[in-house]
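Please open the model in your viewer and set the display so that individual side chains can be selected. The tour proceeds from single residues to one helix and then to the whole chain.

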Amino acid sequence: MSAFGPLSNSMATQSSTLYSVLTKTSRRRKVKQKNKKCLKVCQEIRQGLKRKQSEVLEQWCLDSPRESTQPWRNKRTRKLGNTQESEWAVSLTDTWEADSGFSSEISPPASGRSSPCVGVQPSMLLAMDCEMVGTGVNRQFSELARCSLVNYSGTVIYDKYVLPCRPVTDYRTQWSGIKKEHLVKALPYEEARNEILQIIKGKIIIGHALRHDFAALGISIPHEMVRDTSTSHLLRQMHGSAGCISLKKLTGTLLNRSIQVDSTGHCSVEDALAALDLYKLVEEEWEKSLQPQVQNSDPATDSTSSLQHYMQDEYWPDSITDCSE
């Protein structure tokens, strides 16, 4: 018995050591397998989340319009049609409110849309309004004294007082809002005219009774490039009248907005914004009715070149051709 005692002890020790090693190895193997399973589950969960996120995003893109139709969502600044428009908008930041006396630069889309209907790009649309004063003997001439341009989103991109060619004999303040002090540092007519024409070149012009504005600028715009709210049969039907309706009445009835109430005269920016919102009320129907005309011309190219043609002296009103009288 004594001879096998040490041997038995040695074998027992070795067996215990081997068992310990095997146990640790088995335990490590189980831990690795468990880790692999956990990693695989995590990867599957991650892939599932990515697929779900992709499906939700794709569905959202399909269901959502390209541009928000809610005014409070349309907070992105639109890219203006050209760099010059951008420069005008920046230059007005510091002087606009003090110069015009009109505090709002944003016109909420009256139609509920923040972008035009299909076929008309936002950069193609501008709303215009001009104020005129009387010049010459017996106030026989009507000349430009202020011009305001507003883009589709309602941002003022141009608003300047203009010095007429002839001495002013009637400021027509109760209608024009123009006073003597407004013209002290006003831009000379030719200079202002050139600036305005560069901005409106190739654009669709929205306004009320625009023939007076175009006459004051000495130009004629192709019919398909004009959206005059004073001649719109759609707006007349909505108002319930057959004849010509003033901008003030149209705005009051259809937009439930009061304009031209100040005793100091009209504001060209306020009037331009009103015309813009009236246009938006019937925008889709108006543009559809003009589709046959638009198909026969390319506004992006034809109107730009034709505008230069219409700027020739032969098309200007006689009262504006000669500024030396």
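Select Cys130 first: with a relative accessible area of 6%, Cys130 is buried, where buried means under 20% relative accessible area, exposed over 50% and partly exposed in between, using a 1.4 Å probe and protein chains only. The model is predicted, so local features need pLDDT of at least 70 and side-chain atom pairs count only at pLDDT 80 or more, while totals for chains, interfaces and linings use all residues. Residues are numbered from 1 along each chain as its sequence is written, and side-chain values use heavy atoms, without hydrogens and water.

Next, add Cys147, which is also buried, at 0% relative accessibility. The sulfur of Cys147 lies 3.7 Å from that of Cys130, its closest cysteine sulfur, and this is too far for a bond. A disulfide is here a pair of cysteine sulfur atoms within 2.5 Å; by this rule the count is zero.

Now select residues 268–281, helix H8. Helices are DSSP runs (H or I, at least four residues), as are strands (E, at least two), numbered from the N terminus. Of the 14 residues in H8, 13 are buried. Its end C-alpha atoms are 20 Å apart, in agreement with the expected span of 20 Å, which is 1.5 Å times one less than the number of residues.

Finally, display the whole protein, which has 12 helices and seven strands. Of its 325 residues, 39% count as buried. Among contacts (heavy atoms within 4.5 Å) with a separation of 6 or more, 68% join residues 24 or more positions apart.
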